[in-house]
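Biologist: Could you walk me through this model? I'd like the picture in plain words, with the cut-offs spelled out.

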Amino acid sequence: MHVLFVAPHFPAYQRQFVRALKSVGARVTGIGEADVSALPGELKSWLDGYERVGNVCDEQALLDTVRRIQRREYVDRLEATIEAHILPTARVREAATIPGLTTKQALLCRDKPLMKEFLREHGIPCARSLGSGSLEEIEQFVKEVGYPIIVKPRAAAGAAGTYRVSNDAQLAQALRESGVGSGHSVALEEFIEGHEGFYDTMLVGGEVLHEFVSHYYPNVLEAMRTRWISPQIAVTNRIDAPGYDELKQLGRNVIKAMELGTVATHMEWFYGPKGLKFSEIGARPP
């Protein structure tokens, strides 16, 4: 199998995906922004080829590179694992008729309000949410849901640019700093109290072949906003305990609703007074 791997050089952990692909017999061609002379020798030994592109998020440049490779040899997969690369890569994958994550699936993973709206329509319990750049719509949402609420980018990664808002003054500040009123749109969510964790899978043809459950201490937003805290992720070795059955079924329901095929997934969940709630999904490794 010939796999094109986007950004094999940076961050450093990217190299381990290339190593793993090579170790199971794949041919791997890297597509990255660094000059080939800047690649570590170990990474070069795992790559069967390398193509440089000015910006891997430049969809036309990435597509031109992929098609140039396709003219030389058959390409089975085009893969990316960095959050910001998922959507551009999906668009290029479809344009180049390479199997894998579709643009629609990638968009649902990136745009949190669209994701939650879609999953609620498929019976997945999620926090109430809104994606909007309208102050009037946001004010109406807050009146209906009540404080506290979460304000964050529509295509957030981790807790970057995320605010927990408890009153009108904090809301006004968060919206101003997020650019609402200046052409920007944000995601707003009902604040869900409870314990937070991760549910990660490796899928082949939509079937869960391997799964992981993790617990996050303290919750992500608190850990990101209180910098002296060193957050801890505890990965359970008791995933078959009865207490995880509901969580695993929730994850499988999300996979079915999104019609995911052969891909890694990273999901986040909350459990508290309102029961088990789905938070979000990324179609990438954790």
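Modeller: Sure, with one term up front: contact means heavy atoms within 4.5 Å. This is a predicted model, where local features need pLDDT of at least 70, side-chain atom pairs count only at pLDDT 80 or more, and totals for chains, interfaces and linings use all residues. Residues are numbered from 1 along each chain as its sequence is written, and side-chain values use heavy atoms, with hydrogens and water left out.

Biologist: Leaving aside neighbours within four places in sequence, which residues is Phe 278 in contact with?

Modeller: Skip those sequence neighbours and you get a list that includes Cys 126, Ala 127, Met 267 and Glu 268. Also on that list are Met 115, Leu 119, Ile 124, Pro 125, Leu 250 and Val 254.

Biologist: Which element supplies the largest share of the largest nonpolar core?

Modeller: A nonpolar core is a set of buried Ala, Val, Leu, Ile, Met, Phe, Trp, Tyr and Cys residues joined through side-chain atoms within 4.5 Å. This one has 32 residues, and Phe 278 is among those touching the most other members, along with Leu 119, Val 254, Met 258, Leu 260 and Ile 281. Elements giving at least two residues each include β12, β13 (275–282) and α10 (245–258); helices (H or I, at least four residues) and strands (E, at least two) are DSSP runs, numbered from the N terminus. The largest share is six residues, from α10.

Biologist: Is His 266 buried or exposed?

Modeller: His 266 sits in strand β12 (residues 263–272). Buried means under 20% relative accessible area, exposed over 50%, partly exposed in between (1.4 Å probe, protein chains only). His 266 has 8% relative accessibility, so it counts as buried.

Biologist: Which side chain is joined to that of His 266 by a polar contact of 2.5 Å?

Modeller: A polar contact is a pair of N or O atoms within 3.5 Å; within protein, one must be able to donate a hydrogen and the other to accept it, and residues adjacent in sequence count only if both atoms are side-chain atoms. The side chain of Glu 268 makes one with His 266 at 3.3 Å. The 2.5 Å partner is Asp 200.

Biologist: Why is α4 largely enclosed by the rest of the structure?

Modeller: Its cover includes β1 (2–6), α3 (59–72), β4 (77–79) and α5. Among the residues buried in α4 are Ile 86, Leu 87 and Val 92. α4 is largely enclosed because its buried residues number seven of the ten.
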